[in-house]
Amino acid sequence: MKTTSVMIVGVGGQGSLLASRLLGTLLTDEGYDVKVSEVHGMSQRGGSVVTYVRYGDKVYSPIVTEGECDYIISFEKLEAARYAGCLRKGGKIIVNTQEIDPMPVITGAAEYPADVLEGLKAEGFDVDDFDALAPALEAGSAKSVNIVLMGHFAKCSDIPKEKWIQALNKVINPKFLEMNLKAFDLGYNS
Amino acid sequence: MKKLLIGNEAVAWGLYNGGIGLVSSYPGTPSTEITEFLAKHDDIHSEWAPNEKVAMETAFGASLAGMRSACAMKHVGLNVAADPLFTMSYTGITGGMVVCVADDPAMHSSQNEQDSRHYAIASKVPMLEPSDSAEAYAFAKSAFTLSEEYDTPVLLRMCTRIAHSQCVVDIGEREEIPMKEYVKQPSKYIMMPGYAKLRHPIVEERTEKLRALAEDCMYNRVEMAENREIGIITSGCSYLYVKEVFGDSVSVLKIGMPNPLPEKMIRDFAAQVKKLYVIEELDPVIESHVKALGIEVTGKQLFSAIGEFSQKTIRDAFLSEGVAIADVPEIQGAAPAVPGRPPMMCSGCPHRGMYYTLVKNKITVIGDIGCYTLGAVAPLNALDSTLCMGASVSGIHGFNAARGSETEKKTVAVIGDSTFMHSGMTGLVNIAYNATNSTVIILDNSITGMTGHQQNPTTGYNIKGDPAAKVDLEALCHALGINRVRVVDPYDLKACEEAVLEELAAEEPSVIISRRPCVLLKYVKPKTPLQVDTDKCRGCRKCMKMGCPSISFKEGKARIDRTLCIGCGVCEQLCAFGAIGGKAE
């Protein structure tokens, strides 16, 4: 099997590490060779963050470069656009429609682009955009946006939902499991 | 047990199963998790030391006592610990000892891009370099045996991509290694000239033996392909990128022990291929060795000494050489230009109030290493310099010694609590002893922040989270010779300004401790988010000058994002129109 590449992108603090660990655990349990690349340290502090998940029969590189990505899962609109060049021809972008102003916008040095997703669609990108924040709040916390998005991605994957639930049980702190199972379900059904 | 592990957790498992008894480290991205994962084991001694030199010497002490030990640090941490390293090369070890060092090509979280392999060569210590978590586990475990067989500390070199990438590792069982007997050996362990002169020839002999080992060991291997047109010598994560692009279609010599490098293995490999390349991140260490053997090779002329590589780097380089590459990726489209998103200080960060005060009063700020280095970015642009751990306190002394009263009244040094413990204290002694009228601000957020919340000697807790001796910063500064020491709450802008102006005006050195715990600490409970009364807001943007990520400007008015705001109240003090405050619904 050819290697499949997924990028989970967003803003430091949105929970992309947990999302990539969920996916990594699930794919390992499914018997794939898996590589996951995370971001730690300074770049986490409110900056743009990207984690890579790659799986297949034999995976060497832990990172994803231009034209190699099958799925971009973006926690924020601007970040989807930032990494769009990594998408392979025919790849798919799943994006939360939340807007988080970066510092150049806050200081007035730049403007948040008004129609960034429409622009991508017009360029022929396959963009699946939806509001992941509302279901996260419904599940109990804005922090579960990551699991809402993974729930939505689960629907595109060819791995059965119960396997995802098993992986969630493994990686989520039991204290927050119920909320995250709800968030996953809301994402899956949106 | 098979488990998906980041490289650093794999190193921790390798060291643990290899029989480690003690680990002492100072946190530093991308090395921190090695020690954090080891600290989960209660049957070994683990600790955060105040700095890397203390950590390495502690590990040396344990080795001297007969125990297998390790320390871990980032690349620049090895500069701090270089002094013990070079002489430990002479003394050798009793219990096996591993020095883990993590380089950061592309500087994801660092101030320079130095290549730690030079330390292995300069100190004449063997170095191992894994390519993924599975190798990180195997190399770390075997490093203890290598260390004891050759009577030397062993360097284990990681880099960001390997330290923070996960792959499946088969974790075995822990080997219980009995401590070796402690025997007094003056000529081995007392490095004064007479004895050190006896040890140096032993070091040179050891290097020759290690060179022989390099020809035939588990670390270096040849993967010969049918195609002999191209041969690539590579190591670390570059190996992964080469395999990603070429699979098994080109011949590869994979180096897992970058010091000392093999000679015959390289000559044999080079003789079998038509064109030889070396692909290594950062400096041309392997390339220089190959060239010194008189072998023609292409390296840095094609692969930069700057930054990280990727499969794209390798692909593009060989395409430019006219080499055919299968499956060149095709993009869907180019990414549109979008505003950057640099990292920044968090919403409610206690450093912000103090920085705002310094910027407002046009103070020159000699900075240091930590979360507060982010005060350098817009809109605060608060810092004038950042060099290395502790350099703010020593640096301001030199700055003021050079310019005297011209700068003494308008310059401060800023340094975090953990960094002050690391190497700020000695600089403060120098200010008192050699008398400049300098003002030092300790930004005490009660944790080592940037590396992800590690305890330090000022927090009152140890690596396990258990209560520990707590350094009294005020008493310490007094003891180091500073009479004027005061504490302010950085959420109180008026108090900050009073403190800064008074201490700058004082005719003697002073320390201001700007004290409030990091908002990300679990015990810090956020207050109710604030909101903007849009009727009162005049759109003056004064509240935006401190660069809080919770405040944005929409339709001519400030707006506070209640999912981010933690109610610190600093912006409320800035608003001249009383527009910020109240309670959000």
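**Exercise 1. Determine how the radius of gyration of chain A stands against the globule rule, and describe the chain's extent and burial.**

Step 1. The radius of gyration is taken over C-alpha atoms, and the rule is 2.2 Å times the number of residues to the power 0.38. For 190 residues, a compact globule would have a value near 16 Å; chain A has 16 Å, so the two agree. The model is predicted: local features need pLDDT of at least 70 and side-chain atom pairs count only at pLDDT 80 or more, while totals for chains, interfaces and linings use all residues. Residues are numbered from 1 along each chain as its sequence is written, and chains are lettered from A and ligands numbered from 1 in the order in which they are written.

Step 2. Along the principal axes, the C-alpha atoms of chain A fill a box of roughly 45 × 35 × 35 Å.

Step 3. A residue is buried if 20 or more other C-beta atoms lie within 10 Å of its own, exposed if 12 or fewer, and partly exposed in between, with C-beta atoms placed from the backbone. Of the 190 residues in chain A, 55% are buried.

Step 4. Two residues are in contact if their C-beta atoms, placed from the backbone, lie within 7 Å. In chain A, 65% of the contacts with a separation of 6 or more are between residues 24 or more positions apart.

**Exercise 2. Repeat the analysis for chain B.**

Step 1. A compact globule of 585 residues would have a radius of gyration near 25 Å; chain B has 27 Å, which agrees.

Step 2. Its C-alpha atoms fill a box of roughly 80 × 65 × 50 Å along the principal axes.

Step 3. In chain B, 53% of the 585 residues count as buried. Lys264(B), in helix H12 (residues 264–272) of chain B, has 13 C-beta neighbours inside 10 Å and therefore counts as partly exposed.

Step 4. Among contacts in chain B between residues at least 6 apart in sequence, 75% join residues at least 24 apart.

**Exercise 3. List the secondary structure of both chains, and trace the sheet that contains strands of each.**

Step 1. Helices (H or I, at least four residues) and strands (E, at least two) are DSSP runs, numbered from the N terminus. Chain A has eight helices and six strands, in the sequence pattern β-α-β-β-β-α-β-α-α-β-α-α-α-α. Chain B has 21 helices and 21 strands.

Step 2. Strands pair if DSSP finds at least two bridges between them. The open sheet has eight strands in the order S6(A)-S5(A)-S4(A)-S1(A)-S3(A)-S2(A)-S8(B)-S1(B), and its pairing is mixed.

Step 3. Strand S6 (126–130) of chain A and strand S1 (2–6) of chain B are at the edges; each has a single partner strand, so one side of each lacks a neighbour in the sheet. From one strand to the next, the twist averages 20°.

Step 4. S5(A) and S6(A) are parallel and share five bridges. One bridge partner pair is Ile93(A) with Val127(A) in S6(A).

Step 5. H1(A) packs on the sheet, touching strand S1 (4–11), S2 and strand S3 (48–56) of chain A as well as S1 and S8 of chain B, and its direction makes about 5° with that of S3(A). Angles run from 0 to 180 degrees between N-to-C directions, with axes fitted as lines to C-alpha atoms, for helices over the stretch in contact. Helix H7 (residues 133–150) of chain B also packs on the sheet, where it touches S1 and S8 of chain B at about 55° to the direction of S8(B).

**Exercise 4. Describe the contact between chain A and chain B.**

Step 1. The contact involves 53 residues of chain A and 50 residues of chain B.

Step 2. On the chain A side, the elements giving two or more residues are helix H1 (16–29), strand S2 (33–37), helix H2 (77–82), strand S5 (87–96), helix H3 (103–106) and helix H4 (116–122).

Step 3. This side divides into 23 nonpolar, 20 polar and ten charged residues. Ala, Val, Leu, Ile, Met, Phe, Trp, Tyr, Cys and Pro count as nonpolar, Asp, Glu, Lys and Arg as charged, and the others, Gly among them, as polar.

Step 4. S2(A) runs antiparallel to strand S8 (residues 165–170) of chain B, joined by two bridges. Ser37(A) is opposite Ser165(B) in S8(B).
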